[in-house]
Amino acid sequence: MPQDPAVVVIGLGYVGSCVAATLADRGLRVTGIDTDTRLVSELSQGNTPLHEPGLQEVVARATTSGRLRATTDVAAVADADIVIVAVGTPVREDGTLVDDQLRSACTAIGRHLRRGQLVLLKSTVPAGTTRSLVVPLLERHGGVTAGTDFALAFTPERLAEGTALAELTSLPIVVGGIDERSTQLAADFWQRALGVTALRQASLEAAEIVKLADNWWIDLNIALANELAKFCALFDVDVLDVITAANSIPKGNGNVNILLPSVGVGGSCLTKDPWMVWESARQHGLDIQTPRVGREVNAGMPDHTAQLIIDEMAELGRDPAAATVAVLGLAFKNNTSDLRATPVLGVVNALVKAGARVRLYDPVVDPGQADEMFGIRPTTNLHDAVRGADCVAVLAMHRQFDDIDFADLPVADSCLLLDGRAYYPKEKIVMLRELGYRYRGIGR
């Protein structure tokens, strides 16, 4: 492998764009490949539609320097030393993998593979998929054999939106190859390219399972937090106080670490990866419960949140069917524009079904995408969204909401402030109540 390898990244979605831009910014020659002509055109001009802190600047810098280019032509694979696969891998409702993108990408790559290349798969897949699906597709057309003619490793992405660029160059990267040489080559590449530690695994399957274990744990932990919040509400206890105290006890290599409850879980990973685990286990004759239970708990949080609003409206003597609810923040998490599997959609749908008039406001999310998903055109400014509102529901706490002057908002008297993901401190809650708001959080 040359000291200055040429890299191709297949798939310029969230992960692919972050990886391609970062590698190019660190001095490598990178070609991004995607079937989306609009995305390729934007990237070629130094722009990205993705809302990730710092990404626009890195993309602009990398394209201006000539180290990053984008194309729809998969033939560029033939000129690369490293081929990174980062296409989408969604699942069906029954948890089975929708492998269309992965099949298409691997088939196309296989037509242009040559001896001496290193193929790295970053797309999340059920355990065993790299060996049983990816390898045959790569080998089918080129007359080359994985582990003999080209190296192959699974190196899962483990990035969190909002902090992805920093994590790319700080988090250890997991590496599991089809053979020891592939594992070594992959580890060497990532260590040189990103300056990170490589955690070598004994097989492709071990590396695949590491990613699934991470998101299985996160989703299940959030489910615990959400059910703990419901439990605390029975006794008028603030769940955040309980979590803070519970997390103070040492356990294992760290402390108890209960995460935070919220309006729900969204995004492209946590909503599908536990189902991958559950379905993969089922196919091998093992019935496991926790992935399914965690998913069901978290999937129920949007309806729970909507019901909190409806119940609070009733206690205020207001007919939910005649109420106006202003929803602030539409994305699946704070400080991102990503609407994929956003739990806010479930809240809005439940409120609309109850007859409420719902207004939307999110200064980060693309208005056209929001309109298409929610069927409601977002307002262009905060005051129009909350004017006369009986409830202001903060469901994604973007930085742009940090300085909201609640005393200046033209809301209805005794307006309900529903805290779905802001986690306002007690002093703020006292201030809101002094201003005449009725505060309610998830488990608070």
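Two residues are in contact when they have heavy atoms within 4.5 Å of each other. That's the yardstick for the first exercise. What you're looking at is a predicted model, where local features need pLDDT of at least 70, side-chain atom pairs count only at pLDDT 80 or more, and totals for chains, interfaces and linings use all residues. Residues are numbered from 1 along each chain as its sequence is written, and side-chain values use heavy atoms, with hydrogens and water left out.

**Exercise 1. Find Phe374 and work out which residues it touches, leaving out those up to four places away in sequence.**

Step 1: start with the address. Phe374 belongs to helix α14 (residues 367–374); helices here are DSSP runs of H or I with at least four residues, strands are E runs of at least two, and both are numbered from the N terminus.

Step 2: check the burial. Phe374 is buried, at 7% relative accessibility. The scale, run with a 1.4 Å probe on protein chains only, calls a residue buried under 20% relative accessible area, exposed over 50%, and partly exposed in between.

Step 3: list the partners. Phe374 touches Leu330, Leu339, Thr342, Val344, Leu345, Val348 and Leu360.

Step 4: add one distance. Gly346 sits 28 residues from Phe374 along the chain, and their C-alpha atoms are separated by 9.5 Å.

**Exercise 2. Do the same for Ala281: is it buried or exposed, and which residues does it touch?**

Step 1: look in helix α10 (residues 273–283), where Ala281 is found.

Step 2: Ala281 has a relative accessible area of 10%, so it's buried.

Step 3: skipping residues up to four places away in sequence, Ala281 touches Leu286 and Ile288.

Step 4: now for a partner from another part of the chain. Ala127 is 154 residues from Ala281 in sequence, yet the two are 9.2 Å apart in space, C-alpha to C-alpha.

**Exercise 3. Work out where the buried residues of α2 point.**

Step 1: pick them out. In α2 (residues 37–44), Leu39, Val40 and Leu43 are buried.

Step 2: look down the axis. The buried residues of α2 fall within an arc of 100 degrees, so they line one face of the helix; the arc is taken over the directions from the helix axis to the C-beta atoms. As a reminder, an α-helix has 3.6 residues a turn, so residues three or four places apart point the same way.

Step 3: see what sits on top. The cover over these buried residues includes α3 (55–65) and β3 (68–71).

Step 4: check both ends. At the start of α2, a side-chain oxygen of Asp36 comes to within 3.0 Å of the backbone nitrogen of Arg38. Just after the helix, Gly46 has a positive phi of about 85 degrees.

**Exercise 4. Compare the settings of Asn335 and Ser414.**

Step 1: Asn335 has a phi near 60 degrees, a positive value in a residue other than glycine. Ser414, another non-glycine residue with a positive value, has a phi near 55 degrees.

Step 2: Asn335 is in the loop between β11 (324–328) and α13 (344–353), while Ser414 is in the loop between β13 (391–394) and β14 (416–419).

Step 3: Asn335 counts as buried at 16% relative accessibility, whereas Ser414 is partly exposed at 37%.

**Exercise 5. How many cavities of 30 Å³ or more does the structure hold, and what lines them?**

Step 1: get the term straight. On a 1 Å grid over the protein atoms alone, a cavity is a set of points where a 1.4 Å probe fits but cannot get out, and lining residues have an atom within 4 Å of a point. Grid points are joined across faces, edges and corners, and a volume is the space filled by probe spheres set on the points.

Step 2: count. There are two cavities of 30 Å³ or more.

Step 3: take the largest, at about 110 Å³. It has 13 lining residues, and Arg158, Leu159, Leu171, Pro172 and Ile173 are the closest to its centre. Helix α6 (164–168) and strand β7 (173–177) each give two or more residues to the lining.

Step 4: turn to the second largest cavity, at about 40 Å³. Its lining is Leu240, Pro261, Ser262, Asp419, Gly420, Arg421, Tyr423, Ile442 and Arg444.

Conventions: A polar contact is a pair of N or O atoms within 3.5 Å; within protein, one must be able to donate a hydrogen and the other to accept it, and residues adjacent in sequence count only if both atoms are side-chain atoms. On a 1 Å grid over the protein atoms alone, a cavity is a set of points where a 1.4 Å probe fits but cannot get out, and a pocket is an open set with protein on both sides within 12 Å along at least five of seven lines; lining residues have an atom within 4 Å of a point.
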